[in-house]
Amino acid sequence: MSGGVETFGWLWPYLVILIAGWLPTDIWRFLGVILAGKLKEDSEILVWVRAVATALVAGVIARLLLFPAGALAESPLSLRIAAVAVGFVVFKLARERVLVGIAAAEVVLIGGWYLMGGLSAG
């Protein structure tokens, strides 16, 4: 009886990804769902979790704004700042609907890039 990596052939890297990547993160998601039902919405732990989540989002936005990579790095800083500002204002005006704010920022960023000639080469 043979076993090991040869048994799975080309499939074994995907099994490793499934077991080592997906499973450990989903365990925490499932536990979060189970435990979150028992927490009060204004509890100290949920206030802390929201603060950490907000800080992480702010950090990602700051990184994209100040140290972009790829095609975003070709856009001027002023355009990226304008897109973030417009996105935030629209987010607030749209009663804090995230997708509306993101869409507005995208329109400003892509439209500004297009007007500056960024898309004419592509």
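**A short tour: salt bridges, a patch and a pocket**

Hi everyone, let me start with one residue: D26 is buried, because its relative accessible area is 8%, and under 20% counts as buried. Before I go on, please keep in mind that this is a predicted model.

Now, which residue does D26 form a salt bridge with? The partner is R29, and the closest N and O atoms of the two are 3.1 Å apart. Find helix α2 on your screen, because both D26 and R29 lie in this helix. They are three residues apart, about one turn of the helix. Is R29 buried or exposed? R29 is exposed, with a relative accessible area of 57%, whereas D26 is buried.

How many salt bridges are there in the model? The count comes to two. The other pair is K92 and E96, whose side chains meet with an N to O distance of 2.6 Å. Here K92 is partly exposed, at 42% relative accessibility, and E96 is partly exposed at 45%.

Stay with E96 for a moment, please. E96 is in the loop between α4 and α5, and R95 is found in that loop too. What is the phi angle of R95? For R95, phi is positive, about 60 degrees, although R95 is not a glycine. E96 also has a positive phi, near 60 degrees, and is likewise a residue other than glycine. As for the surface, R95 is exposed, because its relative accessible area is 74% and the cut-off for exposed is over 50%.

Let's go back to helix α2, which runs over residues 12-36. I'd like you to colour a set of nonpolar residues: L18, I19, W22, L23, I27, W28, L31, I34 and L35. Together they form a nonpolar patch on the surface, with about 930 Å² of accessible area. Take I34 as one of them. Where does I34 sit? Its place is in helix α2, and I34 is exposed, with a relative accessible area of 52%.

From the surface patch, we move on to the pockets. Why do we roll a probe over a model? A probe the size of a water molecule, rolled over the atoms, shows where empty space is left. In this model, the largest pocket has a volume of about 630 Å³. Which residues are closest to the centre of that pocket? Of the 19 residues in the lining, those are I61, A83, V84, I102 and A105.

You may like to trace which helices build the lining. At least two lining residues come from each of α3 (44-66), α4 (77-93) and α5 (98-115). What kinds of residues line the largest pocket? The lining divides into 14 nonpolar, three polar and two charged residues.

One last stop, in helix α3, where you will find L64. L64 counts as partly exposed, at 45% relative accessibility. Now look from L64 across to R80: they are 16 residues apart along the chain, and their C-alpha atoms are separated by 8.6 Å.

So here is what to look for when you turn the model yourselves. Start with the two salt bridges, one of them between R29 and D26. Then find the nonpolar patch on the surface that includes W22 and W28, and finish at the largest pocket, where I61 and V84 are among the residues closest to the centre. Thanks for listening!

Definitions and conventions: Residues numbered from 1 in each chain as written. Predicted model: local features only at pLDDT ≥ 70, side-chain atom pairs only at ≥ 80, totals over all residues. Heavy atoms only, no water. Patch = residues over 30% accessible without salt bridge, like charges linked within 9 Å, V, L, I, M, F, W, Y side chains within 5 Å. Areas by Shrake-Rupley, 256 points an atom, 1.4 Å probe, with all protein chains shown as cover. Salt bridge = Lys/Arg side-chain N within 4 Å of Asp/Glu carboxyl O. Helix = DSSP H or I, 4+ residues; strand = E, 2+ residues; numbered from the N terminus. Buried < 20%, exposed > 50% of the residue type's maximum accessible area, 1.4 Å probe, protein only. 1 Å grid on protein atoms, 1.4 Å probe; cavity = no way out; pocket = protein on both sides within 12 Å on 5 of 7 lines; lining within 4 Å. Points joined across faces, edges and corners; volume = space filled by probe spheres on them. Nonpolar A, V, L, I, M, F, W, Y, C, P; charged D, E, K, R; others polar.
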